Amino acid sequence: MKRNVVSVSNQRLDLESEEEEEKEEPRGLDICPLCLNKGKRVFKKTMSNHVWPKYWKLIDEQGFFFCETRPCLIVYFNNDKSIYFGLNDLHSVVMHKLAIESLFRPVCYCMSVLEETILEELLVKQCCDSLEDIKAYTSANKGKSCVITNPSGRCCGKPIKEIIEWAREKREKADEEVLQEAEACCVAILEHADPESFRNISL
Ligand SMILES: [Zn+2]
């Protein structure tokens with residue numbers, strides 16, 4: 001099933017949903033009409049800092065929500081007035097809409113910290129495994145202007161915790177692969193070894 005809305009720049013924003021039939025869908029002023037997830041209320045001052053100035057007149061203090069669902073093409077919505085902002089209607093790069101490991105993915109908009117800097121600490125230097133460590137080593141999450149600088153109007157602590165968790169799983173998986181490879185190698189050596197060859201080994 002496909003849902004769509006038309007954005008402020010007159011573009012059709014689509015989202016294919018996995019449900020085949022039309023079911024009773026959640027409705028509400030805070031529900032994103034594409035992904036049907038609950039949005040987060042945003043202030044006018046937040047939106048004004050991220051949408052192109054030509055749309056400033058459309059923004060009100062009330063009625064706008066931010067959709068943080070990754071594949072959803074809507075960034076800000078006002079269901080009451082049917083106003084929808086897609087990615088192209090903003091001059092900011094919205095980290096929430098980019099997958100982890102996307103090139104130049106911003107994380108901390110106050111201190112200008114990219115995700116690659118945080119991943120380097122987590123995966124290359126391996127010196128951090130908590131939000132406190134990331135704060136200390138990268139300055140991320142130390143700003144106080146999230147309501148203006150972050151397109152969601154919220155702090156970057158939650159996304160950083162997601163990145164920490166993602167990196168921890170990646171590290172564990174990599175360790176497991178090394179161990180499996182090492183074990184498989186020993187088994188292969190024992191299986192293919194000629195028992196005679198062990199007899200001549202002098203200790
Ligand atoms: Zn959405």
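Strands E3 and E4 (residues 65–66) run antiparallel and are joined by 2 bridges. Within this pairing in the predicted model, Lys 40 finds its bridge partner in Phe 66 of E4. The two strands belong to an open sheet of 4 strands, ordered E3-E4-E5-E6 and paired in the antiparallel sense. Strand E3 (40–41) and strand E6 (83–86) each have a single partner strand and stand at the edges, so one side of each is left without a neighbour in the sheet.

A further antiparallel pairing brings together strand E1 (residues 2–6) and strand E2 (residues 12–16), this time over 5 bridges. Here Lys 2 stands opposite Glu 16 in E2. The two strands make up a hairpin with 5 residues between them, and Asn 10 in the turn adopts a positive phi of about 65°.

Turning to the interior, the largest nonpolar core has 35 residues. Those touching the most other members are Cys 67, Ile 74, Tyr 76, Val 107, Ile 118, Ala 140 and Ile 160. Two or more residues each come from E4, strand E5 (74–78), E6, strand E7 (106–108), helix H2 (115–124) and helix H5 (157–192). The largest share, 4 residues, is given by E5. The core also draws on both domains, with at least three residues from each of domain 1 (2–89) and domain 2 (95–191).

Ile 74 offers a helpful close-up of these contacts. Leaving aside residues up to four places away in sequence, Ile 74 touches Val 5, Leu 13, Cys 32, Leu 34, Cys 67, Tyr 84 and Gly 86. Of these partners, Cys 67 is itself among the core residues that touch the most other members.

Terms used
Residues numbered from 1 in each chain as written. Predicted model: local features only at pLDDT ≥ 70, side-chain atom pairs only at ≥ 80, totals over all residues. Pairing = 2+ DSSP bridges. Core = buried A, V, L, I, M, F, W, Y, C linked by C-beta atoms within 7 Å. Buried ≥ 20, exposed ≤ 12 C-beta atoms within 10 Å, placed from the backbone. Domains from an automatic or database assignment. Contact = placed C-beta atoms within 7 Å.
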